[in-house]
Amino acid sequence: MKAWKYDEYGSVDVLKLATDVAVPDIKDDQVLVKVVAAALNPVDYKRRLGYFKAIDSPLPITPGFDVAGIVVKVGSQVKGLKEGDEVYGDINDKGLDGPTQFGTLAEYTAVEERLLALKPKNLDFIQAAALPLAIETAYEGLERAKFSEGKTILVLNGAGGVGSFIIQLAKHVFGASKVAATSSTGKLELLKSLGADVAIDYTKENFEELPDKYDVVYDAIGQPEKALKAVNETGVAVSITGPIPPPGFSFLLTSDGSILTKLNPYLESGKIKVIIDPKSPFPFDKVNEAYAYLESHRATGKVVIYPIP
């Protein structure tokens, strides 16, 4: 099969498109998915740069966490999925601890059944591929912060892949009384369309110096010290980009298809929308360009690869 891979860590130049990669074998609890679309996340390029090499799988690596595709083969212990099912998910159980050597930037990928969910009926494969890692990260962070109805939240980088879902989940699933979010000037209207009550232009205002303080500050950009200054007396800050002092905590996603299944009704009703970057989708032979674009930090929403041969 065709697959992207790299034999060494480094810049986007280490990525090579190979045409002779073996289709992965499946274990008893796995299915083989014909990849229709895949999405990139910041973790993909950080991994390629070697940030996690001490706990990574062996080289060469076919990258990619997010997938949307069609089940073409099922393992002997698979109960809930069958050939022909349209599925989506984040194929790495623990995102940074030994992620799979054979990711989703390939024609086929092998993945545990428990990491997948049936694709929402109203979404195409491009939209579905943009969901898993980002929406699961948003959801798990809110759960760990014990976010609940009536609470207030500030989202740092509300127009990003994870941030756009934090706003929507906080508002439409968890029942926030107030959602504030930061972005650059041109993305303020997007924040409001997603459900933000307060849209803060970080190029003009220092959010940490504003009078309002929040029950939860969700840092999806990497500003832990500033995030803590916006927390109220009983509040907490969540970080997904690295360590943060108390009353903050950081976490790494544990992928779980049941979260996607739980959120499918909100996706199918249109309450939660998928934000795809306007430059997406990138075709399969332009994966290196998609990486370079993501690494420029200019993307709004998700960067998706489609079609995959």
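**Pockets and core**

Mentor: Helix α1 supplies four residues to the lining of the largest pocket, the largest share. This is a predicted model, where local features need pLDDT of at least 70 and side-chain atom pairs pLDDT 80 or more, while totals for chains, interfaces and linings use all residues. Residues are numbered from 1 along each chain as its sequence is written, and side-chain values use heavy atoms, without hydrogens and water.

Trainee: What makes α1 a helix?

Mentor: A helix is a DSSP run of H or I with at least four residues, numbered from the N terminus. α1 spans 42-48, so this run satisfies the cut-off.

Trainee: How do you know which residues line the largest pocket?

Mentor: A pocket is an open set of 1 Å grid points where a 1.4 Å probe fits, with protein on both sides within 12 Å along at least five of seven lines, and lining residues have an atom within 4 Å of a point. Here 50 residues line the largest pocket, and P42, K46, N157, A220 and T241 are the closest to its centre.

Trainee: Why are K46 and P42 put in separate classes?

Mentor: Lys counts as charged and Pro as nonpolar, so K46 and P42 are counted apart. The lining of the largest pocket holds 24 nonpolar, 18 polar and eight charged residues. For the second largest pocket, the division is eight nonpolar, four polar and six charged. The closest to the centre of that second pocket are K27, Q30, T100, A110 and E112.

Trainee: What does I153 touch?

Mentor: With contact meaning heavy atoms within 4.5 Å, the partners of I153 include L142, F147, I166 and Y214, leaving aside residues up to four places away in sequence.

Definitions and conventions
Helices (H or I, at least four residues) and strands (E, at least two) are DSSP runs, numbered from the N terminus.
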